[in-house]
Amino acid sequence: MEEKILKNKKHGMRVLLICLLVEFLSIAGIVVGAIMTGNEVTGAGFLLGLSIFVTCVAWFPMIGLRILKPQEALVLTLFGNYIGTIREPGFYFVNPFCDSVNPAANTKLAQSGDLDSNANGFKISTENGTNLTVQNFNKKISLKNMTLNNGRQKINDCLGNPVEIGIAVIWKVTDTAKAVFNVDNYKEYLSLQCDSALRNIVRIYPYDVASNVDTTGDGLADEGSLRGSSETVASRIRDEIQSKVVDAGLEIVEARITYLAYAPEIASVMLQRQQASAIIDARKMIVDGAVGMVEMALERLNEKQVVELDEERKAAMVSNLLVVLCGNRDAQPVVNSGSLY
């Protein structure tokens with residue numbers, strides 16, 4: 001289905017003025033016909049009947065009047081056949097028998113433009129307190145950038161750890177004919193494709209950097225992860241969604257990760273694991289620094305020839321220095337005032 005843009009229908013004001021003029025003249029004809037009938041003038045009955053008929057049908061062309069605001073579109077069909085789309089703002093006149101089509105008009109998602117409960121209707125409270133929602137017949141299609149937030153999902157990463165992740169997708173309608181006729185409901189279709197694409201991409205990455213994991217598909221291990229490569233993950237999610245919704249006339253402008261965390265059932269365990277990894281890394285840094293300081297101390301003592309130490313005394317000195325430098329508490333030295341040996 002190819003979109004047809006209608007640009008020659010911008011005659012709404014002209015048709016409105018003509019219809020109002022005809023209505024005014026027909027009402028005047030009724031008044032004149034009634035006066036002529038009272039005076040028994042020839043042809044008064046015909047004038048009166050014609051004026052009444054015109055008054056009854058002159059409003060019918062007004063059904064074809066349409067008003068479009070910026071970034072709105074109207075898909076028109078005539079007796080089931082697609083005749084075109086109006087995309088430019090203005091006051092239009094179309095065939096009164098034309099019907100505007102938008103299967104997603106009353107579909108509400110967690111997205112901008114659909115969060116208002118009265119966006120597509122209004123509520124009426126009855127005497128017994130029951131709220132009735134009366135839907136309007138606004139079948140216009142928004143061409144603005146919309147933001148879809150499908151909420152958080154629980155998905156297993158490539159290591160099998162359950163994580164909770166949420167994304168926000170900015171999208172818009174680019175081809176109204178495809179959006180209306182190629183899929184049943186383009187909003188629900190987009191929502192399902194977002195869920196599917198999110199699961200497909202998240203299963204490729206680990207939550208944190210892991211060894212021997214290939215996230216790019218080139219056969220080589222890399223350091224890709226959900227937490228450390230959020231921009232890359234979001235870009236791949238966007239491309240995945242775009243490949244699925246191109247037939248629905250939609251464009252994915254951007255996709256962003258809005259929430260990322262381990263699932264509650266393993267969150268505490270993973271926190272302990274992260275804390276243990278941090279402690280081990282800190283200990284490694286402390287030991288590396290302590291060994292460097294011991295080496296420097298021995299070299300300086302040897303260069304200055306401050307004291308001659310045999311291998312046994314060097315080992316004792318190294319042990320004492322490592323204990324002091326790597327310990328969690330302040331050292332409590334013991335002063336030896338006697339002989340070194």
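Select Val57. Is this residue buried or exposed, or something in between? Val57 is partly exposed, because its relative accessible area is 37%, and the buried class needs a value under 20%. Now look at where Val57 sits: in helix α2, which covers residues 44–57. Add Cys19 to the selection. Cys19 and Val57 are 38 residues apart in sequence, and their C-alpha atoms are 9.7 Å apart in space.

**Zoom out: the whole chain**

Keep in mind that this is a predicted model. Show the protein chain as a cartoon. You should find seven helices and 11 strands. The chain has 341 residues, and 31% of them are buried. Switch on the surface. The chain exposes about 21,200 Å², with 56% of that supplied by carbon and sulfur atoms. Next, think about contacts between residues with a separation of 6 or more. Of these, 66% link residues 24 or more positions apart.

**Colour by confidence**

Colour the chain by pLDDT. The average is 80, and 84% of the residues score at least 70. Which element has the lowest mean pLDDT? Select residues 131–135. This is strand β7, with a mean of 45. Helix α5, residues 230–245, has the highest mean, 92. Now widen the first selection to residues 115–136. Here pLDDT stays under 50. The model still has 28 contacts beyond four places in sequence for this stretch. Be careful there: where pLDDT is low, the predicted coordinates should not be read in detail.

**A hairpin: β2 and β3**

Select residues 72–78, strand β2, and residues 81–86, strand β3. The two run antiparallel and are joined by five bridges. Pick out Thr77. Its bridge partner in β3 is Tyr82. Two residues lie between the strands of this hairpin. One to click is Phe79, which takes a positive phi near 55°.

**The sheet: β9, β10 and β11**

Move on to an open sheet of three strands. Their order is β9-β10-β11, and the pairing is antiparallel. Which strands stand at the edges? They are β9 (146–156) and β11 (250–262). Each has a single partner strand, so one side of each is left without a neighbour in the sheet. Tilt the view to see the twist, which averages 20° from one strand to the next.

Now select residues 162–173, strand β10. Nine bridges join β10 to β9. Try two of the pairs. Thr147 stands opposite Ile170 in β10. Asn149 has Ala168 in β10 as its bridge partner. Then follow the chain from β9 to β10. These strands form a hairpin with five residues between them. In the turn, Gly160 has a positive phi of about 90°.

**The helices on the sheet**

Keep the sheet on screen and add residues 186–202, helix α4. Helix α4 packs on the sheet and touches β9, β10 and β11. Its direction makes about 40° with that of β9. Add helix α5 as well. Helix α5 also packs on the sheet, touching β10 and β11, and its direction makes about 135° with that of β11.

**Last stop: inside α5**

Hide the rest and keep α5. This helix has 16 residues. From first C-alpha to last, α5 reaches 23 Å, close to the 22 Å expected at 1.5 Å a residue. Which of its residues are buried? Select Val233, Ala234, Ile237, Ile241, Gln242 and Val245. An α-helix has 3.6 residues a turn, so residues three or four places apart point the same way. Bring the neighbours back. The cover over the buried residues of α5 includes β10, α4 and β11.

Technical notes
Residues are numbered from 1 along each chain as its sequence is written. This is a predicted model: local features need pLDDT of at least 70, side-chain atom pairs count only at pLDDT 80 or more; totals for chains, interfaces and linings use all residues. Side-chain values use heavy atoms; hydrogens and water are left out. pLDDT is the predictor's confidence in each residue, from 0 to 100. Helices (H or I, at least four residues) and strands (E, at least two) are DSSP runs, numbered from the N terminus. Contact means heavy atoms within 4.5 Å. Buried means under 20% relative accessible area, exposed over 50%, partly exposed in between (1.4 Å probe, protein chains only). Accessible areas come from the Shrake-Rupley method with a 1.4 Å probe; for residues, only the protein chains shown count as cover. Two strands pair if DSSP finds at least two bridges between them. Axes are lines fitted to C-alpha atoms, for helices over the stretch in contact, and angles run from 0 to 180 degrees between N-to-C directions. The expected span of a helix is 1.5 Å times one less than its number of residues.
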